[in-house]
Structures are given as structure tokens and as C-alpha cells.
Amino acid sequence: MHMADAMVSPVVGGAMYVASGIAATYSIKKLREEDNFKKKISTMGVMGAFVFATQMVNFTIPGTGSSGHLCGGVLLSSILGPYAGFLSMIGVLLIQCLFFADGGLLALGANVWNMAFYGCFIGSLIWKFIMRNGMSKRKIAISSILGSILTLQMGAFSVTIETLLSGITELPFSAFLVAMQPIHLAIGFVEGLITLSVLCFVYEARPELLWNKKEKIKKEARLSYKKTITILACLLIIIGGGISLLASSNPDGLEWSIERITGNTELETRENNIYETSEKIQETTSFLPDYTFKDTESSIGTSISGIIGCGITVAFLVGLGSVIKIKRKKEKVINE
Amino acid sequence: MNKIEDAIYQVHYIDNNSNNNNILNKIHPLVKLIISVIYILFLTSINKYNLTITLAMSIYLIVVSIIGDLSIKNCIKRLKIVLFFLIIIGIANPILDRQVVTFIGIIPITTGMISALTLILKGIFAIISSYFLIVTTGVENICYALKKLHIPNILITIFMLIYRYIIVLLKEVQKIWIAYSLRAPKQKGIHFKAWGSMIGSLMIRSIDKAEVIYQAMELRVFSPDNFFMKNQKIDRTSIIYFMAGLLLLLIIRFIPIFDLIGNVFVH
């Protein structure tokens, strides 16, 4: 779809430079607002080179005997986002124009618009819309194919308009359109298939590399330590302090069984020093016997005992977990 | 496979040539860029039926090739892609625009034929001029010229990074392609079942490579807003080249030299 210099008049070429220049300026501004923009620059450079290199590979189109190649706009925006993807595509198009005669210096503005603008901005809009409720392979497939077809159709339409406005062909608008759109429908479909297969592979292997996916992972799976502790503390108060009030006063399963056999929930202890000693220790240490304050039936005692019980249990589990973690680390160091 | 080899060769060839020690290579990159852009603007602004002026624009290319000792042999391969597209666009002109202008023998020459020929010539000349620019200037000097034209540093950095890593990635693709061809001989392209895994794994490797590059850039206190480029002064030779180039372009674009020469012989 690269337009040569001969296909555009200076006026059309200049106008397209202005349009692409505005999009590039806006992209740079938005890119600078991103937190890790310096880091992104290296990724943009290498991804641009990647797109360029993979354009050299032919992909067999199943059942046709022919082959196609990648254009890269939709792929770049799915990884880098619209702004970084657009700027990378400008770099790729400039190299193609200077080194490989794909396009021209005057037509560069038009080529950037036709291939990079639609591919990255419209492609990313489609991607964002489809992925708004989460990502899946099916959604990646729809987004890749739809994005590639639509953006290539838009690009081909723009080529038609720009060429006709430049007045270099005698072809009527409708005939030119008929010549351009169907072939780019097929090209777009192949491009979509290649893009989807690459993106699905990345989704399986390294989903965090996909655009808009990182934030989702952060939100879904990663909670900060502070937030985790706060949530646990709230739950502790709600369960221990509130729900414990609703605790049944009926005996639990074991007590119920014992009651059925002996007529009492507690077994009579034998006259044995060990039992007596342990009972005494328990009476001394348990500051909330039967889940309430000593010598009182107040419900506040039940609540407080619930909270304290939960707290002690959590502390015990966290401590146990830490001990296991330290032990594992030590074992790992020894093994290494 | 040939495409990849060609691309690697082209990049190396342009890199080597831009380091040659001839007059044209020593001209200030900004001057060469401006002259090339003016040439393309003049060329594309020619009326589609004005074949003689279009042909006259080749004088500039001949002069540059003599000064810079440049051959267009290497450029011919580049023309194939553009010629194909231009012929498709221009082929309708002789069919739809059939007003006869003159006859060569018994063959009628129509305005459609002239406009199609002009279109093809413009395409060829524009490509040759861009080729002469890059082959005598090199990417780093082009970037320097772009910096002087106040193109944002981010764009220049990305452009330079892409250029630097093209060879690395092309060689990686080449390796992958050789390995694949050995396992799947006689296959025209990569089978669709291998599309994702082959290109996807290359992409993941590329992104990991970018991480290492970023760390190296950080260690060298990289900043996209302030990167170093050796300052080049516009010397006397460059000014003369600019003046002479501009004058030549004005003459061949606005004075119908070929018509005047033809008239001398006809009268």
C-alpha cells in the first residue's frame, strides 16, 4: 500500500504531512505523560526493527498456494499502545522509504497516515473496545482480524482519495475503489490471521506484554501489603465482633454426641493429678472462658473474644507461614 | 530468504558507501536533504502531460551521479516494487485518455500515453534521488539533518534504534527461516500452524532484548531530550553545492531546455 512520490502532488503530500505531523506531535505529548516513557523508547525501537524484519517473511495462506506478509500497525499498537505504536511505525516507514524504495520522501506523510495512523489509532480503539471486559483468545482473534481488515480498508480508501486528488490517474473514483478495496480485504484478512496467531502466542506465554493487560493483572491479582492487612483487619472485626454474636449456643457436633451418651456436654474427669493440674492452668490462662468475660454473661465479651480469637489465629498462621518460608529459602540456598 | 539477504546487503552497502571519501559525501547533510526535497517537489509538481520537463529533470540525477561517482545499478532492484504499482495506476491513462497528439510512424501518440509515461518517469526519478541522498549521506547524518530541522528527538531516537537493530533482527529471522526451511523443504512460506510460535517467540525475545538495551542506555545516562551528535558546520563547498544545485533545479524545472534545443535543430 506504500504510495510512491509520483502518486501524490506537492499539495496533497504537504497536507498529509501536516495531518501526520499533528498526530505525531500529539502522540509524543501523550507518550511523555506515561510513567515509563524512557523505557518504552528502547522497546519501540526494537519492536520497530522486529516489524520490519518480520515483513521479510512470507506466510503461506492456507488453501491458496500464495503467501502474504505482515504490515504491523495493529500488532504494534496491541503491544505498545496507540501512541508508541504510531511513532514506531513512522520510524519503520522512514527506513522503508530511504533504504528500500517502499514509498517516498514526499509521500511519507500520506503513507504514515494510511498505514500507521489507521493501524495504530483505529486498531487500538477496536482492541480497547473488545477487551473492555477482560482479555481472552477469542477476543484477541476478533480484534486482530477486525482491526486489520478495517484499518487496511481505511488505508486503501485514503490511497484512492489521495491519488485522485493528486490528479495523476484517469481512473474514475468508482473504478479505482473497486480495484483497491477487494484486494485489501484479502490482504487485511491475512494480516489479521498473522497478527492473531502472534498475539495469541504472546497471550499464552507472556500476557503482561499485551497493551492494557498489565493494569488488569495488577487489579485482579496483585494487592498491596497495606490493602491486604486492612481488608483482613476489617474482616476480623466483622466476623469476630459482629457475626460471633450470632454464634449458636447449642453444643457443637462432638459436644452433642457426648451429651447424647453421657447426658452432659463435658466429660467427668477422673481423679487424676494431670487432669486437675491442666484444668487449673486453663482456668488461670483463659481470660475469656466460654467466649465471654469471667463471671459475666455480657454479649460484649463474646464480641471481644471473637476479635481476639481471630487475631491470635491470624498471627499464629502468619508466623507459621513465615517460619515455613524462611525454612524453604534456607533449603533453596543449601541446594544451590 | 533472498529478500532478507537483499535487505542485509542493502543496509551494509549504504553504510559503507556513506563513509566513502568523495565530494558529495562531504557536503553538509542538511544541504543534501533540502536539495533532494526541492528536487522531489519540483518533479512532482510537473504537469502530467509535460514529458519534456520531466525528462529534463534527469539532468540533476546525471550531474549528481557524476560528482558522487554513483551507479544506479544497485538502485534498479528497488525500482521493481514501485514500477509495478505505478504501472497499475497508470495503465488506465492510455485507455481512458485517447486524444491523439501526434504520430510516430503510423502509431498514434495519445495524451493518455504521455501521462502514463510521465507518471512512471516521475516515480523512477524520485526513487533514484532518494537513493542518492541516503547512499551519500548515511542514516546518522540524515538524523543530524532532521535534528537541525527541529524534528522531535524522540522520533530521531526511535529511527536510529530501529536502524541499529534491523540487522540484528534480520539475522535472527534469517536463522529462524533457515532452520524452518531445513525442516520443511520446498515449502513456499511458513505454514500457518507455525505462524504464532515462530514470530511470537521472536517478538518475546525482541522485547527482552529491549529491556537489556534500556538498561545499557540508563547506565550511559541516556535522555531522549538531550542526546549528543557531533556538530557539523556548513562549509564553503556545501554552500556552493546548495547554490549550484538550486540554480540547476530552477533551470531544468522552469526553462524548457529540451524544447529549446529541439527548436534549434528543427528551425
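Here is a short chat about some helices and a hairpin in chain B of this predicted model.

Reader: How do you know that the length of helix H12 of chain B agrees with its number of residues?

Author: Take the 19 residues, 236–254, at 1.5 Å a residue: H12(B) should span 27 Å, and the end C-alpha atoms are 27 Å apart, so the two agree.

Reader: Which residues of H12(B) are buried?

Author: They are Tyr241(B), Gly245(B), Ile252(B) and Arg253(B). Being buried takes 20 or more other C-beta atoms within 10 Å of a residue's own.

Reader: And what puts those buried residues on the same side of H12(B)?

Author: Their arc around the axis is only 90°, so they sit on the same side of H12(B). On the other side, Arg236(B), Ile240(B), Met243(B), Leu247(B), Leu250(B) and Phe254(B) are exposed. The cover over the buried residues includes helices H3, H4, H5 and H13 of chain B.

Reader: Why are H3(B) and H8(B) called roughly antiparallel?

Author: Their packing angle is about 180°, and anything over 145 degrees counts as roughly antiparallel, so the label fits H3(B) and H8(B). Their axes are 10 Å apart. Among the residues that meet are Leu33(B), Tyr39(B) and Ile40(B) in H3(B), and Phe125(B), Ala126(B) and Leu133(B) in H8(B).

Reader: What makes strands E1 and E2 of chain B a pair?

Author: At least two bridges are needed, and E1(B) and E2(B) have 4, in the antiparallel sense; the pairing therefore meets the definition. Val100(B) stands opposite Thr110(B) in E2(B). The two strands form a hairpin with 2 residues between them, and Gly105(B) in the turn has a positive phi of about 70°.

Key
Residues are numbered from 1 along each chain as its sequence is written. Chains are lettered from A and ligands numbered from 1 in the order in which they are written. This is a predicted model: local features need pLDDT of at least 70, side-chain atom pairs count only at pLDDT 80 or more; totals for chains, interfaces and linings use all residues. The expected span of a helix is 1.5 Å times one less than its number of residues. A residue is buried if 20 or more other C-beta atoms lie within 10 Å of its own, exposed if 12 or fewer, and partly exposed in between; C-beta atoms are placed from the backbone. The arc is that of the directions from the helix axis to the C-beta atoms. Two residues are in contact if their C-beta atoms, placed from the backbone, lie within 7 Å. Axes are lines fitted to C-alpha atoms, for helices over the stretch in contact, and angles run from 0 to 180 degrees between N-to-C directions. Angles under 35 degrees count as roughly parallel, over 145 as roughly antiparallel, 65 to 115 as roughly perpendicular and the rest as oblique.
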